[in-house]
Amino acid sequence: MTLAETWRAARPPAAGVHVDSAACSRQSFAAIEAASQHARHEAEVGGYVAAQAAAPALDAGRAAIRALLGMPDAGVSFTTGSNHALDILLGDWTGERTVACLQGEYGPNLAIMARHGFDIRLLPVDEFGRLDVNAVGAALAHHPPALVHFTVLGSHSGIVQPVHAMASACHGHGIPMFVDAAQGFAHLSMADIGADAVYSSSRKWTAGPRGVGFLATRPGLLTDSTRERLGHAETNVGLQVGFSVALGEHVAAGPSAVQARLREVGAAARTALAEVPGWRVIEHVDEPSAITTLQPPDGVDAAQVRERLIAEHGIVTTYLGIQRAPRQMHHPALRISPHVDVTDDDLAAVAKALTAVTR
């Protein structure tokens, strides 16, 4: 079977067309069963005994994360998601509270930075919002921040950021770099970046359960008190087991094959949706991601379009309000993010339905 067929066969049939993987992908039978099996085991022997029994599965999940990131010595902690991981990192930070990030930084991330008292500086970007690699070195030299927070792929855009170039610039100026890989992990190649910390969620391109994610840090980055607190935090072990199974499925499918298929998916989606009257595809057709951002025609409410697509056509997409990237977005938009199992018929159905609800 092809990768798409294998992916589809491993999951319950979709009730309609699911093109919302950048928000929450569809879990596999195996991931669902693993989480539910652990819950049953907790009922049989108690939560702490069941957690001990689950340790090998969780260790395998952490090992997969280290391998996918090319960080063999990283400390890997399970979190409740990406926001939790950033909160841990910034709360633990003991240096000067200045952080540089892209203009399109995720709105909730900006709120966490502000809550921890960080002064935010903007990295130079081009007209597409992509890091200006020719200007970033001078920017870091003239106004060096204490750290750089770099989102490799935004919540509001399918434009892939040059994370390796950013890491090289940070290394050259001795500035730590934290990477938000919520949209990049299991979607793009994240290996051997050289970041000080990388974090992500389970529910997006890894197709694990909601309510769990990870934080990977270089040795010595986190203080002893934070590491101890993470080791004793209340956790949902069942979700971590489900996430670990999803990670194993991703590794078994072949990360390079998944990434290549997702690039094909993005190009196919942008090609199909470019024909919808009045809507504008933001990304270039060859942008190497599976996320397509659609700007609605004047006077069309993108939030209402999303609701009608669900109610009238069984198609799940994402509404992008400007709060997702308040320093860059000026108008709401619609996001289309299929996974590897999407078909040409699915994309044609999305284009047809989008035309119908826009009328």
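In this predicted model, alanine 207 occupies the loop that connects strand S7 to strand S8 (213-217). The phi angle of alanine 207 is near 65 degrees, a positive value in a residue other than glycine. Most residues other than glycine have a negative phi. Alanine 207 has a relative accessibility of 0% and therefore counts as buried, the cut-off for that class being under 20%. A positive phi is likewise found at aspartate 192, which is not a glycine and for which the angle is about 60 degrees. Aspartate 192 belongs to the loop between strand S6 (177-180) and strand S7 (197-201). In contrast to the buried alanine 207, aspartate 192 counts as exposed because its relative accessibility is 56%, and the exposed class begins over 50%.

Strand S8, which follows the loop of alanine 207, has five of its five residues buried, so it is largely enclosed by the rest of the structure. Gly213, Leu215 and Thr217 point one way from S8, whereas Phe214 and Ala216 point the other way, and burial extends to both of these sets. Two strands are joined to S8 by bridges: strand S2 (residues 75-79) runs antiparallel to S8 and is connected with it by five bridges, and S7 also runs antiparallel to S8, again with five bridges. Within the pairing of S2 with S8, phenylalanine 78 has phenylalanine 214 of S8 as its bridge partner, the latter being one of the buried residues of S8. On the side of S7, serine 201 stands opposite glycine 213 in S8. Strands of a sheet pair through backbone hydrogen bonds, either parallel or antiparallel.

A separate description applies to an open sheet of four strands, in which the order is S9-S10-S13-S12 and the pairing is antiparallel. Its edges are formed by strand S9 (280-281) and strand S12 (318-320), each of which pairs on one side only. S9 is paired in the antiparallel sense with strand S10 (residues 292-295) over two bridges, and in S10 it is glutamine 295 that serves as the bridge partner of arginine 280. Helix H11 (residues 302-313) packs on this sheet, where it touches S12 and strand S13 (333-336), and the direction of H11 makes about 40 degrees with that of S13.

Two helix pairs were also examined. The axes of helix H4 (residues 82-92) and helix H5 (residues 107-115) come within 10 Å of one another and cross at roughly 25 degrees. Because angles under 35 degrees count as roughly parallel, H4 is roughly parallel to H5. The crossing in which H4 passes H5 is right-handed. On H4 the contact is made by Asn83, Leu86, Asp87 and Leu90, and on H5 by Pro108, Asn109, Ile112, Met113 and Arg115. By class, this contact of H4 with H5 comprises five nonpolar, two polar and two charged residues.

For helix H9 (residues 237-253) and helix H10 (residues 255-273), the axes come within 5 Å and cross at roughly 85 degrees. This angle lies in the range of 65 to 115 degrees, which means that H9 is roughly perpendicular to H10. His250, Val251 and Ala253 of H9 make the contact with Pro255, Ala257 and Val258 of H10. The residues of this contact divide into five nonpolar and one polar, with no charged residue, whereas two charged residues take part in the contact of H4 with H5.

Note on methods. Residues numbered from 1 in each chain as written. Predicted model: local features only at pLDDT ≥ 70, side-chain atom pairs only at ≥ 80, totals over all residues. Heavy atoms only, no water. Axes fitted to C-alpha atoms, helices over the stretch in contact; angles between N-to-C directions. Parallel < 35°, antiparallel > 145°, perpendicular 65-115°, else oblique. Left-handed = near helix turned anticlockwise from the far one by under 90°. Contact = heavy atoms within 4.5 Å. Nonpolar A, V, L, I, M, F, W, Y, C, P; charged D, E, K, R; others polar. Pairing = 2+ DSSP bridges. Buried < 20%, exposed > 50% of the residue type's maximum accessible area, 1.4 Å probe, protein only.
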